[in-house]
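Me: Before I rely on any of the labels attached to this entry, I would like to see each one argued from its cut-off. Could you take the terms in turn?

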Amino acid sequence: MPDRPLLIPFRSSLLPQIFCDTVVVGSGVAGLRTSIALADRSDVILLAKDALDLSNTSWAQGGIAAALSPEDTFEGHVADTLEAGAGLCEPEAVRTLVEQGADEVRRLLTWGMRVDRDAAGAPKLGLEGGHHHHRILHTDGDATGTELARCLIERARQAARLRIFDRCFALDIVVDTRGGSRRAAGMLTWHPRHGLQILWARSIVLATGGCGQLWRETSNPRVATGDGVAMAWRAGAMLADLEFMQFHPTTLYVAGAPRHLISEAVRGEGAQLVDRQGRSVMEGVHELGPLATRDIVSRAIIHHLARTGESHVLLDARAMGGDGFRSRFPGLARMLAGYGLDAGRDLVPVHPAAHYFVGGVRTDIDGRTDLPGLYACGEAAATGVHGANRLASNSLLEGLVFGARVAAAIEADDAAQAGPFAIVHEVETTERGELDLSDIRSSLRSAMWRNIGIARVGARMQDVLGMFDFWNRYALERVFDAPDGWELQNMLTLGRLITQAALARTESRGTHARGDFPDTADALRCHLLWRRGAPAPIRAEVGALGTLSSIT
Ligand SMILES: Cc1cc2nc3c(=O)[nH]c(=O)nc-3n(C[C@H](O)[C@H](O)[C@H](O)COP(=O)(O)OP(=O)(O)OC[C@H]3O[C@@H](n4cnc5c(N)ncnc54)[C@H](O)[C@@H]3O)c2cc1C
């Protein structure tokens, strides 16, 4: 893979330069929570590459998990998270998520987030796959993310020292290499009106979300292209657990429609998965039936489709009745009506899709990466909290908890401003043929879906690695001048790394299922870490992922 540390050539002296204490990249739950915590006491710039509310966070449906019920316990939530994580969860991160998470959710309620409540006024707690207790808070049934984003955006707008730059694309982290050490010192950005700019800061936070757009079938919005993880790689930060992408079992499968998520909560309310002959897909597969963890249900669907030759399975929620479904899931009911479907009357065609990126930029429990000055939180980060598979509704919680912890770490670290300094980054460009960006993007997404998807086999992944090497020879060497080109370069970088990681894990565990290595191997009960320039993955034992000194 070409080894360029920055996507484009530039001279800092020719660019507008802006100063602040912290740049937060990403306006989802993680970036907003970090910004809210910091911006009363220091100058923060929050970036979003599109509208502020276009994020995985806004699209979240099912809810936020928290052990709030008097009958529930932290131990129960921890145990369910560890079980889903298939041996790779970092226990300290999980306990922190669960315990601090309950406080974070209570704080959200005091900030005015609306949640569905029972007759006595207490938050109604739903059930989702992998949870053995009712602990999922939700809003208007299935609009939790929209309400969470509204609440946090409103709160952020009140912060005294926060500047929000929406539709502003972050290209690369500016690294200070003077004096022989390395430190994140700024962010190179591009805005359609202001062009290229350098934002100098004492700390940089990557809260750029996931990368579902790398797969042809995905529940994620178009902004989820893995930019933050790719730029951390270019900056030399360590990445972890890249082979683990969670596939959601039930997205709408209607020709021409986006893969709208049909929340797990629908199965929590008793909906069944059947095929066209009415046979149950999950019978005999797992004791929790359609509420088993997502990897189990997704694999069962894919195997069922391979056996029957069908293109999709069906979700049967008819027992809820049309009115029951509409009152519990009003947003979903409206979305389905747009395709002529009524869940009280019709079977809903569904299919798995890429949903949540478990891997990301490796951090300690406070969101510090191994590049001083650079922090990461939310879906872009790999704290080890989800192990090899994320428990449903734990990721909004993750954004809240680790967003707050990153802010606390930044205040504790109290770093000095490293910039400004002069940068001249030159890139040798050669004459090259025309390139159809949308064509290469869709080839990449198809290759990832067919070969680095729910069922993986070494020989086919090796072919995909070869394809990436070929694409990267001519696409990564180029210089683009707009976000579609930079996103493609990030997708090519991260796609190759994910493929490499999936090949390196010669076992099946959590979301990562290999036909040629169907068993879980004790010897691979470790995280695989990747850093630019290192010829092979570095192994970190469970318990050591966040301990920077033990593996750097
Ligand atoms: C359909 C759907 C339903 C879900 N339901 C649930 C649920 O019920 N419960 C749950 O816990 N989780 C759910 N999830 C997962 C959860 O929503 C995400 O994991 C979580 O919201 C991620 O938050 P985040 O802050 O890390 O990133 P995001 O919310 O994805 O935000 C990423 C931000 O980064 C910005 N960004 C990215 N790249 C750049 C760049 N180059 N320059 C500038 N800005 C950039 C984007 O513009 C965006 O603002 C769901 C996800 C989806 C897609």
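Reply: A contact here means heavy atoms within 4.5 Å. In this predicted model, residues 24 or more positions apart account for 73% of the contacts in the chain with a separation of 6 or more.

Me: What makes the radius of gyration of the chain agree with that of a compact globule?

Reply: The rule is 2.2 Å times the number of residues to the power 0.38, and for 552 residues it gives a value near 24 Å; since the chain has 22 Å, the two agree. Along its principal axes, the C-alpha trace spans about 65 × 55 × 45 Å. With buried taken as under 20% relative accessible area, 62% of the 552 residues fall into that class, while the chain exposes about 20300 Å², of which carbon and sulfur atoms supply 49%.

Me: Why do the pairs that Ser27, Asn56 and Asp227 form with the ligand count as polar contacts?

Reply: A polar contact is a pair of N or O atoms within 3.5 Å. A polar side-chain atom of Ser27 lies 2.8 Å from a ligand oxygen, a polar backbone atom of Asn56 is 3.1 Å from an oxygen atom of the ligand, and a polar side-chain atom of Asp227 is 2.8 Å from a ligand nitrogen; each pair therefore meets the cut-off. Taken alone, the ligand exposes 1000 Å², and the protein buries 98% of that.

Me: Which residues surround the ligand, and what classes do they belong to?

Reply: With a limit of 4 Å between a heavy atom of the residue and the ligand, 37 residues surround the ligand, and the closest are Ser27, Thr57, Gly63, Asp227 and Glu379. By class, this shell has 15 nonpolar, 18 polar and 4 charged residues, with Gly counted among the polar ones.

Me: How do you know that Gly209 touches Glu379 and Ala380?

Reply: Touching rests on the limit of 4.5 Å between heavy atoms, and Gly209 meets it with Glu379 and Ala380, once residues up to four places away in sequence are left out of the count. Gly209 itself lies in the loop between strand E12 (203–206) and helix H6 (227–234), in a chain that has 15 helices and 23 strands. The C-alpha atoms of Gly209 and Gly226 are separated by 7.0 Å, although these residues are 17 apart along the chain.

Key
Residues numbered from 1 in each chain as written. Predicted model: local features only at pLDDT ≥ 70, side-chain atom pairs only at ≥ 80, totals over all residues. Heavy atoms only, no water. Polar contact = N/O pair within 3.5 Å; in protein donor to acceptor, adjacent residues only side chain to side chain. Areas by Shrake-Rupley, 256 points an atom, 1.4 Å probe, with all protein chains shown as cover. Helix = DSSP H or I, 4+ residues; strand = E, 2+ residues; numbered from the N terminus. Buried < 20%, exposed > 50% of the residue type's maximum accessible area, 1.4 Å probe, protein only.
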